[in-house]
Amino acid sequence: MFALLTMNEVDRMSLHDFTVRGEIRELATVIGEFVQREIRPREQALPPDARCLPDEDVAALQKLARAAGFWNLSAPADLGGGGLSAFDMAIVDEQAAKHTFCFPIVGNGAFGYPPPSILYGASKQQIDEFVIPTIEEGWRSFNAITEEGSGSDPARSIRTTAEKKGGKYVLNGRKMWITHADKARYGVVYARTNLNKGRDGISAFIVDKDTPGLTIRPIPVIRDLWTNEVTFDNVEVPADRLVGEEGEGFAIAQRFLGKFRVHFATTAIAVGEESMRLAAEFVKGRESFGLPFAQRQGVQFALADAHVKLKAARWLTWEAARKHDSGEGARIESSIAKLYATEACFGVVDSMMQLMGGMGLAKEMPLEHWFRDLRVARVVEGPSDIHRFVLAREILGSAALPRRA
Ligand SMILES: Cc1cc2nc3c(=O)[nH]c(=O)nc-3n(C[C@H](O)[C@H](O)[C@H](O)COP(=O)(O)OP(=O)(O)OC[C@H]3O[C@@H](n4cnc5c(N)ncnc54)[C@H](O)[C@@H]3O)c2cc1C
């Protein structure tokens with residue numbers, strides 16, 4: 001028997017109105033102009049081996065962005081941010097991310113640094129002490145979940161412990177691949193407070209980077225922004241730095257995951273779209289064997305396929321954003337959007353590089369940089385196969401899981 005579309009699915013689809021408000025359209029246009037006028041020329045002036053914008057450029061851009069009203073647009077308005085919804089941010093970020101160093105923070109920090117999203121569920125004291133200065137003053141932070149064991153399954157692989165001793169927790173263990181730990185002021189560290197409770201034994205702590213016993217070692221990777229190993233050797237953290245209750249680390253983080261995945265997918269779409277535009281310009285101005293590239297069907301079809309993939313990625317991302325904004329939770333939709341957008345846009349950038357030949361690979365163009373960033377994007381924020389695993393469980397239910405003896 002073939003199943004018909006259920007009424008539930010029909011209702012859910014009608015929920016998704018992709019109308020873009022006029023003021024958001026305008027904001028996306030002016031922020032896109034800002035990026036092309038202020039950020040791109042600074043990036044283009046850097047030597048080919050530059051791995052990010054220099055701190056003084058970021059500081060100058062931050063001043064301009066604040067004055068223009070582009071500061072921390074996604075953070076809640078009552079905490080000093082712009083208060084834009086996930087859907088509004090998907091529209092704005094697609095224009096804001098059309099520059100080289102846009103992963104993992106659009107603008108390379110020019111528009112501010114978002115706090116670790118779990119802290120939106122933190123106590124009032126923690127919000128005052130960490131979240132508001134992060135939003136207002138541009139503090140940098142890190143998020144330390146992954147360890148040496150399988151990062152795909154952090155609930156089982158986290159070995160870092162946090163033992164309560166009087167008014168403190170004492171942290172011991174080692175985190176791997178931690179982005180921004182080297183430049184951050186503080187981070188959120190996930191550690192085990194109960195050895196017997198699996199996922200519910202993991203708690204989140206706010207830890208100052210300069211706490212004695214915390215050491216950082218860079219890990220060079222394929223992308224220009226390297227990551228870090230962070231080691232905790234009897235690191236003492238005041239008890240009031242625990243986020244929520246003991247054992248609630250993952251449950252709180254989960255509530256804010258959707259918006260970040262939408263942001264990640266949007267960045268992938270932005271660079272895919274910009275790669276397609278650059279390749280289209282390139283093929284219009286070049287010929288071989290007596291015909292312009294633009295008249296070759298092989299070239300036309302590569303562009304047409306890129307166009308379809310980008311549109312599909314955008315619609316899936318907008319669906320996830322709308323669902324997140326509706327408050328229903330977008331665990332599945334944001335998994336689909338992140339999986340599809342990063343895989344499809346990696347393919348788009350690769351195929352546009354091919355159309356551009358040597359120019360596609362040259363450091364003076366941003367494509368090779370995006371290619372490396374998107375290669376990383378297929379592993380971080382859940383590797384693609386983990387999103388497929390989540391979706392398969394949704395389709396197959398318990399039949400997808402190994403039988404217990
Ligand atoms: C550049 C970079 C930046 C990062 N930044 C951070 C950060 O800031 N904070 C942080 O906490 N972590 C960070 N990470 C870690 C990242 O989240 C992990 O690398 C990722 O979760 C995968 O974990 P792993 O590397 O241990 O791979 P593993 O868990 O060993 O998995 C390896 C591969 O096995 C496959 N696989 C695993 N399980 C399954 C399954 N059930 N079904 C099918 N296939 C499966 C997947 O293809 C996966 O890619 C970063 C990693 C990198 C490379």
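Biologist: Which residues does UniProt list for the "Acyl-CoA oxidase/dehydrogenase middle" domain?
Modeller: The UniProt entry, which is unreviewed, lists residues 144-235 under that name. Bear in mind that the model we are looking at is predicted.

Biologist: What is the helix and strand content of residues 144-235?
Modeller: The span is 47% strand and 4% helix. Its end C-alpha atoms lie 14 Å apart.

Biologist: OK, strands then. Which way do β2 and β3 run, parallel or antiparallel?
Modeller: Antiparallel, with five bridges between β2, residues 161-165, and β3. They form a hairpin with two residues between the strands. G166 sits in that turn and has a positive phi of about 65 degrees.

Biologist: What stands opposite E163 of β2?
Modeller: V170 in β3. V170 also stands opposite E236 in β7, since β3 pairs with β7 as well.

Biologist: How many bridges join β3 to β7?
Modeller: Seven, between β3 at residues 168-175 and β7 at residues 227-238, and the two strands run antiparallel.

Biologist: And which way does β6 run against β7, parallel or antiparallel?
Modeller: Antiparallel again: β6, residues 214-219, is joined to β7 by six bridges. One of the facing pairs there is I219 with T227 in β7.

Biologist: Switching to the other annotations. Where does UniProt put the N-terminal domain?
Modeller: The unreviewed entry gives residues 24-131 for "Acyl-CoA dehydrogenase/oxidase N-terminal". In the model that stretch is 50% helix and 0% strand. Its end C-alpha atoms are 25 Å apart.

Biologist: Which residues are listed for the C-terminal one?
Modeller: Residues 247-395, as "Acyl-CoA dehydrogenase/oxidase C-terminal", also from the unreviewed entry. That span comes to 79% helix and 3% strand, and 29 Å separates its end C-alpha atoms.

Biologist: How many helices and strands does the chain have?
Modeller: It has 13 helices and ten strands.

Biologist: What about the overall dimensions, what box do the C-alpha atoms fill?
Modeller: Roughly 80 × 65 × 40 Å along the principal axes. The radius of gyration is 22 Å, and a compact globule of 405 residues would have one near 22 Å, so the chain agrees with that estimate.

Biologist: What percentage of the residues is buried?
Modeller: Buried residues make up 42% of the 405 in the chain.

Biologist: Now the ligand. How many residues surround it, and which are the closest?
Modeller: 21 residues surround the ligand, and the closest are S150, G151, S152, P383 and D385.

Biologist: How do the residues of that shell divide into nonpolar, polar and charged?
Modeller: Twelve are nonpolar, seven are polar and two are charged.

Biologist: Which domains does the shell draw at least three residues from?
Modeller: Domain 2, residues 141-252, and domain 3, residues 254-400, each give at least three. By element, β1 at 141-144 and α13 at 384-396 each supply at least two residues.

Biologist: Backbone oddities next. Which peptide bond is cis?
Modeller: The one from F103 to P104, with omega near -10 degrees. P104 is in the loop between α4, residues 86-96, and α5, residues 124-137.

Biologist: What is the phi of N108?
Modeller: About 55 degrees, so positive, although N108 is not a glycine. N108 is in the loop between α4 and α5 too.

Biologist: Why bring that up as an oddity? What do most residues have?
Modeller: Most residues other than glycine have a negative phi, and most peptide bonds are trans.

Biologist: Back to N108, buried or exposed?
Modeller: N108 is buried, because 21 other C-beta atoms lie within 10 Å and the cut-off for buried is 20 or more.

Biologist: And E381, where is it found?
Modeller: E381 is in the loop between α12, residues 367-377, and α13. E381 has a positive phi of about 55 degrees and is not a glycine. With 21 other C-beta atoms within 10 Å, E381 is buried.

Biologist: Last one, E333. Which helix is it in?
Modeller: E333 is in α10, residues 331-355. E333 counts as buried because it has 24 C-beta neighbours inside 10 Å.

Biologist: How far is E333 from H387, C-alpha to C-alpha?
Modeller: The separation is 10 Å, with the two residues 54 apart along the chain.

Conventions:
Residues are numbered from 1 along each chain as its sequence is written. This is a predicted model: local features need pLDDT of at least 70, side-chain atom pairs count only at pLDDT 80 or more; totals for chains, interfaces and linings use all residues. A residue is near a molecule or strand if its C-beta atom, placed from the backbone, lies within 6 Å of it. Ala, Val, Leu, Ile, Met, Phe, Trp, Tyr, Cys and Pro count as nonpolar, Asp, Glu, Lys and Arg as charged, and the others, Gly among them, as polar. Domain bounds come from an automatic or database domain assignment. UniProt positions are given in the numbering used here, feature names are shortened, and annotations may be inferred rather than shown by experiment. Two strands pair if DSSP finds at least two bridges between them. The radius of gyration is taken over C-alpha atoms; the globule rule is 2.2 Å times the number of residues to the power 0.38. A residue is buried if 20 or more other C-beta atoms lie within 10 Å of its own, exposed if 12 or fewer, and partly exposed in between; C-beta atoms are placed from the backbone.
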